[in-house]
Amino acid sequence: MPFIQHAGLALSVGLGACINATMLYRGLRSRGIYVPEQGWSIFLVKLGAALSLMAGVALALSGQVDWIGMKGEKLMRVGLLGGIIVACMLTYFSALLAMGFRVRDFCVFIKRSLTVTVGICLFLLLLVTFLSWYMIKSVIRQVGQEPADVVDFAAQVWRQYAASIALQRNDTTVSSFASYGKYS
């Protein structure tokens, strides 16, 4: 595809995702697993109109700029790109507001999904922490040490490292702190 060059990859991935989603939708609809509620068609038409307006603004504004001619003006290009993105955002959200979408409609969805996401992340964090601690204790015991001995050894290594840094800097505060302890 010499006409669209590297953008062909993005286009093929996007088209593949759309085809996959369409096939999934048709399969779920035909088996009766998914039955959309009333109002989805109007919602999609409004969303499509807002996206079309945004795409029109993006194409119109980006066509006014000679991006290749401004190759040496990186800050100017970044500023213009940022301005086009802001104009697209304003167009999209203004169109949604004009068609009846309200911020509170999105806030309910965001709060619900955020709560679920935070809960899942905390659960996974606790699970990974527990499994890591269990694996570390298991490895330490297989080596023949107790976890408390390993913690003391790690503290000794830290003190020696801090003392060597202090000697390099001729800092007596760190070296006296590092030498404090039962391994000095």
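**Exercise 1: Confidence along the chain**

Find which helix of this predicted model has the lowest mean pLDDT and which has the highest.

*Solution.* Begin with the low end: helix H6, residues 172-178, has the lowest mean pLDDT among the elements of the chain, at 51. Now go to the high end, where helix H3, residues 74-98, reaches 91. For the chain as a whole, the average pLDDT is 81, and 84% of the residues score at least 70.

**Exercise 2: The overall layout**

Work out how many helices and strands the chain has, and what share of its residues counts as buried.

*Solution.* Counting the elements gives six helices and zero strands. Read along the sequence, that makes the pattern α-α-α-α-α-α. Next, take the 184 residues of the chain: 9% of them count as buried. The exposed surface comes to about 15,200 Å², with carbon and sulfur atoms supplying 71% of it. Finally, look at contacts with a separation of 6 or more: residues 24 or more positions apart account for 46% of these.

**Exercise 3: Helix lengths**

Check how the spans of H1 and H3 agree with 1.5 Å a residue, and see what follows each helix.

*Solution.* Helix H1 covers residues 7-30, which is 24 residues. From its first C-alpha to its last, H1 reaches 34 Å, close to the 34 Å expected. Helix H3 has 25 residues and should therefore span 36 Å; its end C-alpha atoms are 36 Å apart, so the two values agree. After H1 comes Gly 32, with a positive phi near 80 degrees. Just after H3, Gly 100 also has a positive phi, of about 105 degrees.

**Exercise 4: The buried side of H3**

Name the buried residues of H3 and a helix that helps to cover them.

*Solution.* Go along H3 and pick out Ile 84, Cys 88, Tyr 92, Ala 95 and Leu 96, its buried residues. Then look at what covers them: helix H2, residues 40-63, is included in that cover.

**Exercise 5: Two residues of H4 and a surface patch**

Decide whether Leu 127 and Val 103 are buried, partly exposed or exposed.

*Solution.* Leu 127 lies in helix H4, residues 103-143. Its relative accessible area is 35%, so Leu 127 is partly exposed, as that class runs between 20% and 50%. Val 103 is also placed in helix H4. With a relative accessible area of 55%, Val 103 is exposed, because the cut-off is over 50%. Between Val 103 and Phe 93 there are 9.7 Å from C-alpha to C-alpha, and the two are 10 residues apart in sequence.

Lastly, place Leu 127 in its surroundings. Leu 127 belongs to a nonpolar surface patch together with Val 116, Ile 120, Phe 123, Leu 124, Phe 130, Leu 131, Tyr 134 and Met 135. Together, these patch residues have about 940 Å² of accessible area.

Notes. Residues are numbered from 1 along each chain as its sequence is written. This is a predicted model: local features need pLDDT of at least 70, side-chain atom pairs count only at pLDDT 80 or more; totals for chains, interfaces and linings use all residues. Side-chain values use heavy atoms; hydrogens and water are left out. Helices (H or I, at least four residues) and strands (E, at least two) are DSSP runs, numbered from the N terminus. The expected span of a helix is 1.5 Å times one less than its number of residues. Buried means under 20% relative accessible area, exposed over 50%, partly exposed in between (1.4 Å probe, protein chains only). Contact means heavy atoms within 4.5 Å. Accessible areas come from the Shrake-Rupley method with a 1.4 Å probe; for residues, only the protein chains shown count as cover. pLDDT is the predictor's confidence in each residue, from 0 to 100. Patches are made of residues with over 30% relative accessible area and no salt bridge: like charges are joined within 9 Å, nonpolar side chains (Val, Leu, Ile, Met, Phe, Trp, Tyr) within 5 Å. A salt bridge is a side-chain nitrogen of Lys or Arg within 4 Å of a carboxyl oxygen of Asp or Glu.
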